[in-house]
Amino acid sequence: MRDELLTAFHRRHASHSFTDCPIAEADLDYVLEAGRLSPSAFGLEPWHFVVCRGPADKSALQAACFGQPQVGEAAAVIVILARASDLAPDQAYTLKLLEREYPGERLAAGLAMYRDFYASVDVTAWSITQCHIAAANMMTAAAVIGLDSCPIGGYLPDAVTAAISADPTRFRPALVLALGYSNEAVPTKQRLDMDTIVTRR
Ligand SMILES: Cc1cc2nc3c(=O)[nH]c(=O)nc-3n(C[C@H](O)[C@H](O)[C@H](O)COP(=O)(O)O)c2cc1C
C-alpha cells in the first residue's frame, strides 16, 4: 500500500493527449467514489460532479477551455462544480448536512458557528478549494486503476457553466477533469527537492 500509493503519484501526470479507448463504467464509478469520499469542511460536500461523455458536450467544453485538445479527446470529462448559493446557512441543502454533522442538541451551536463562519468567508472560493481536494483524490484513484487524467483550470467559467447548462447562481466551476488513456509515455516527475519546500522546526 505504501509503495503502491507512491507509484500511483508518479504515474499520474497531466496528460495532454488521449487515445479513443473508452472508460469502463465501473472505472468511472471508482473515480467518482474517490471524489464522494473526500473530506469537506462542516461535512458540507460542497461539490457536484457532471460527467460528460458525448461529443457535443466535450466539444463545447473544449471551446470553453481555450480549445485545449485533451478536453475533446478525453473519454470522459468530469466538470467539478463548487456549490455557491446552496451553502447559505438557511438553505435546505446546508441545513440537512449540518443536522447530520451536528445531531440532536448539538445543532443549534453548530449552526451558530456556521453562520459566523459564513459571514466571514468568500464562500465560493472556499467551496472551490475543497473541490480541489476531491479532484486530487479522483486523479490519484484514476492512476491506481491505470486511468490517465488532466486537471484543467484554464477555462472561461461562464462558458463552462453554459456548456453543461448548470445554474450559475448555485454552481461555479472548480476544475474540469479530463479522463482517459494517455497517448503519452509517463514522464519523469519534475519537482523541487524537499529542502526547498519543507521547513522542519
Ligand atoms: C488547478 C490546476 C489547473 C491546471 N490547469 C491546466 C490546464 O488548464 N491545462 C493543462 O494542460 N494542464 C493544467 N494543469 C496541469 C499542470 O500543468 C500540471 O499538473 C503540472 O505541470 C505538473 O505536472 P504533472 O501533473 O504532470 O506532474 C493544471 C493543474 C492544476 C493543479
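**Ligand contacts and buried helix faces**

User: What makes the pair formed by Gly 153 and the ligand a polar contact?
Analyst: A backbone N or O atom of Gly 153 lies 2.8 Å from a nitrogen atom of the ligand. A polar contact is a pair of N or O atoms within 3.5 Å. The 2.8 Å pair therefore qualifies. The protein covers 58% of the 620 Å² of accessible area that the ligand has on its own (Shrake-Rupley method, 1.4 Å probe).

User: What kind of model is this?
Analyst: This is a predicted model: local features need pLDDT of at least 70, side-chain atom pairs count only at pLDDT 80 or more, and totals for chains, interfaces and linings use all residues. Residues are numbered from 1 along each chain as its sequence is written, and side-chain values use heavy atoms, with hydrogens and water left out.

User: Which side chains also make polar contacts with the ligand?
Analyst: Two examples are His 16 and Gln 70. A polar side-chain atom of His 16 lies 3.0 Å from a ligand oxygen atom. For Gln 70, the distance to a ligand oxygen is 3.1 Å.

User: Why is Thr 161 called buried?
Analyst: Its relative accessible area is 6%. Buried means under 20%, exposed over 50%, and partly exposed in between (1.4 Å probe, protein chains only). So 6% puts Thr 161 in the buried class. Thr 161 sits in helix 8, residues 157–163. Beyond its neighbours within four places in sequence, Thr 161 is in contact (heavy atoms within 4.5 Å) with Ala 166, Asp 167, Pro 168 and Pro 173.

User: How do you know that the span of helix 2 agrees with its length?
Analyst: Helices are DSSP runs (H or I, at least four residues), numbered from the N terminus. The expected span is 1.5 Å times one less than the number of residues. For the 12 residues of helix 2 (25–36), that gives 16 Å. The end C-alpha atoms are 16 Å apart, so the two agree.

User: Where do the buried residues of helix 3 lie around its axis?
Analyst: In helix 3 (residues 55–64), Lys 58, Leu 61 and Ala 64 are buried. Seen down the axis, they fall within an arc of 120°, so they line one face. The arc is that of the directions from the axis to the C-beta atoms. On the other side, Pro 55, Ala 56 and Ala 63 are exposed.

User: What covers the buried residues of helix 3?
Analyst: The cover includes strand 1, helix 4 (69–73), strand 2 and helix 8. Strands are DSSP E runs of at least two residues.

How values were computed: Polar contact = N/O pair within 3.5 Å; in protein donor to acceptor, adjacent residues only side chain to side chain.
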